Amino acid sequence: MSTAAPRTAGPDHLWSVDEHLDDILATVRPLEPIELQLLDAQGCVLVEDVTVPVSLPPFDNSSMDGYAVRVADVAGASERYPAALEVVGDVAAGRAEPPRVGPGQAARIMTGAPLPPGAETVVPVEWTDGGLGEGPVTGMRAHSLAPEGATGQVRVHRPAGARAHVRAEGSDVRAGDRALEAGTVLGPPQISLLAAIGRGTVRVRPRPRVVVLSTGSELVQPGEELGAGRIYDSNSFSLTACARDAGAIAYRVGAVADDADTLRDTIEDQLVRADLVVTTGGVSVGAYDVVREALASVGDEDEPGGGIDFRKLAMQPGKPQGFGSIGPDHTPLLALPGNPVSSYVSFELFARPAIRTLMGLTDVHRPRTRATLAGSGPLTSPEGRRQFLRGRYADGEVAAVGGAGSHLVAALARANALIVVPEDVESVAPGTDVEVILLG
Ligand SMILES: Nc1nc2c(c(=O)[nH]1)N[C@H]1C(S)=C(S)[C@@H](COP(=O)(O)OP(=O)(O)OC[C@H]3O[C@@H](n4cnc5c(N)ncnc54)[C@H](O)[C@@H]3O)O[C@H]1N2
Ligand code: MOO
């Protein structure tokens with residue numbers, strides 16, 4: 001949400017990619033933090049420092065299934081001269097009051113179970129006869145099948161030093177320590193830590209809700225029959241997938257016909273669940289390109305700071321673009337061109353950083369690298385336009401896939417990178433060092 005109005009210039013002015021991106025990012029602000037359940041916070045930015053309320057582990061516990069014993073009782077033990085100890089009971093993980101281990105005694109202990117009072121160390125079950133009176137065993141028999149295993153005698157075949165196989169209280173993190181700092185992005189390891197210290201909810205910036213809306217009377221939803229002159233609506237799917245990939249909660253609104261009133265009504269209906277609206281199609285100069293017409297008056301026209309600016313960019317694909325904010329909450333809106341590759345490239349360059357800015361992330365762009373251009377012939381690019389060609393990148397080399405046509409979806413599906421050809425370059429020979437955007 002923002003009140004910043006986009007810059008404007010004459011209709012023939014060509015804006016640079018960077019100017020357009022700067023203008024977009026100046027209109028989006030990180031969303032207000034909310035308290036979320038842990039798993040709902042995955043991928044989100046933490047806005048609080050999290051302090052450890054209880055040490056991890058909370059108590060000394062065993063790292064092995066075995067026997068909790070006293071060091072002196074097993075000193076010098078060997079398979080030939082085992083230490084014979086009286087088994088006083090079982091300590092399963094979760095046991096609150098384990099039995100005391102006195103001299104000459106052992107308690108059968110499970111991984112994660114608290115070290116019982118009196119015990120000083122743990123011998124793994126493989127170092128014992130498991131209470132069976134024969135040679136070394138490879139494991140314990142299930143308590144349900146052999147309850148007598150918790151009693152009787154065990155022969156220990158090897159000594160163990162003090163606190164062997166014992167995970168000390170607080171050896172991971174201590175009560176009062178900083179578990180995570182504000183600004184941390186919550187991936188699976190961070191969610192693991194939060195759960196381990198007992199946090200059920202955390203304060204984060206939420207995932208933006210992004211409404212993706214395609215426009216065009218020619219569009220048919222996948223799965224339905226294709227009539228003459230019609231095509232399947234791929235953009236609403238690709239951009240919804242892009243929005244999810246960027247971290248958003250995305251809502252796909254299937255194709256809206258080329259009718260300004262219908263489009264306006266649809267967008268207004270969607271504003272209630274949108275932190276960002278992305279449309280595709282209808283932004284060029286055709287008689288049925290109604291997005292421009294419709295967006296001139298969406299939402300509350302009396303609200304200052306709103307409005308969508310349509311402009312041409314010095315780029316290929318993706319020349320016609322619209323952006324601004326609409327409605328009473330000044331919801332940001334990006335109107336992307338309809339050609340499938342144009343909409344995809346535009347989303348990656350402009351909508352993705354906007355989504356990631358809304359999330360409060362600092363790393364908002366796709367990673368870039370340099371690569372050597374592979375292939376047999378030169379790449380050509382129109383003068384004065386920054387071109388984003390689809391490429392396949394591996395091991396420091398990149399090769400173009402497909403041509404420059406912004407309808408080439410099959411080639412896009414084989415690409416894993418965009419090759420950037422600067423505005424002042426019209427031809428790039430194989431072997432040249434080029435900039436590459438990695439699509440991940
Ligand atoms: N006279 C001019 N014509 C065009 C210009 C221009 O400067 N002068 N610019 C061209 C460029 S560049 C682009 S990009 C497109 C942008 O057009 P629109 O944003 O108005 O998009 P549409 O006309 O609605 O569609 C263009 C193309 O893409 C197909 N399309 C649209 N939506 C979808 C969808 N959801 N899924 C799959 N395919 C879609 C549509 O059928 C058209 O083929 O304008 C050029 N024209
Ligand atoms: O700019 Mo359009 O997006 O080239 O096809």
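At what angle do helix 1 and helix 7 pack, and how far apart are their axes? In this predicted model, helix 1, which covers residues 17–27, packs against helix 7, residues 340–358, at an angle of about 30°, and the two axes are 10 Å apart. Angles under 35 degrees count as roughly parallel, so helix 1 is roughly parallel to helix 7. The crossing of these two helices is right-handed. On the side of helix 1, the contact is made by Val-17, His-20, Leu-21, Ile-24 and Leu-25. Helix 7 meets them with Leu-349, Phe-350, Pro-353, Ala-354 and Thr-357. Sorted by class, the residues of this contact comprise 8 nonpolar and 2 polar ones, with no charged residue among them.

Helix 7 also has a second partner to look at. The axes of helix 4 and helix 7 come within 10 Å and cross at roughly 25°. That angle makes helix 4 roughly parallel to helix 7, and the crossing of this pair is right-handed. Helix 4 brings Asn-235, Ser-238, Leu-239, Cys-242, Ala-243 and Ala-246 to the contact. From helix 7 come Pro-340, Ser-343, Tyr-344, Phe-347, Glu-348, Arg-352, Ile-355 and Arg-356. Here the classes are 8 nonpolar, 3 polar and 3 charged residues. Charged residues are thus part of the contact of helix 4 with helix 7, whereas the contact of helix 1 with helix 7 has none.

The ligands come next. Around ligand 1 there are 26 residues, of which Asn-235, Gly-281, Ser-284, Pro-337 and Gly-338 come nearest. The elements that give two or more residues to this shell are helix 4 (235–246) and helix 7. By class, the shell around ligand 1 holds 8 nonpolar, 14 polar and 4 charged residues. Asn-235 is worth a second glance: this residue of helix 4 takes part in the contact with helix 7 and is also among the residues nearest to ligand 1.

Ligand 2 is surrounded by Gln-316, Pro-317, Gly-318, Lys-319, Pro-337, Asn-339, Ser-342 and Ser-406. These residues divide into 2 nonpolar, 5 polar and 1 charged. Pro-337 appears in the surroundings of ligand 2 and is also listed among the nearest residues to ligand 1.

Finally, the wider layout can be described through domains. The assignment for the protein chain gives domain 1 as 14–31 + 207–358, domain 2 as 48–55 + 173–205, domain 3 as 61–167 and domain 4 as 368–438. The C-alpha centres of domain 2 and domain 4 lie 42 Å apart.

Note on methods
Residues numbered from 1 in each chain as written. Chains lettered and ligands numbered in written order. Predicted model: local features only at pLDDT ≥ 70, side-chain atom pairs only at ≥ 80, totals over all residues. Axes fitted to C-alpha atoms, helices over the stretch in contact; angles between N-to-C directions. Helix = DSSP H or I, 4+ residues; strand = E, 2+ residues; numbered from the N terminus. Parallel < 35°, antiparallel > 145°, perpendicular 65-115°, else oblique. Left-handed = near helix turned anticlockwise from the far one by under 90°. Contact = placed C-beta atoms within 7 Å. Nonpolar A, V, L, I, M, F, W, Y, C, P; charged D, E, K, R; others polar. Near = placed C-beta within 6 Å. Domains from an automatic or database assignment.
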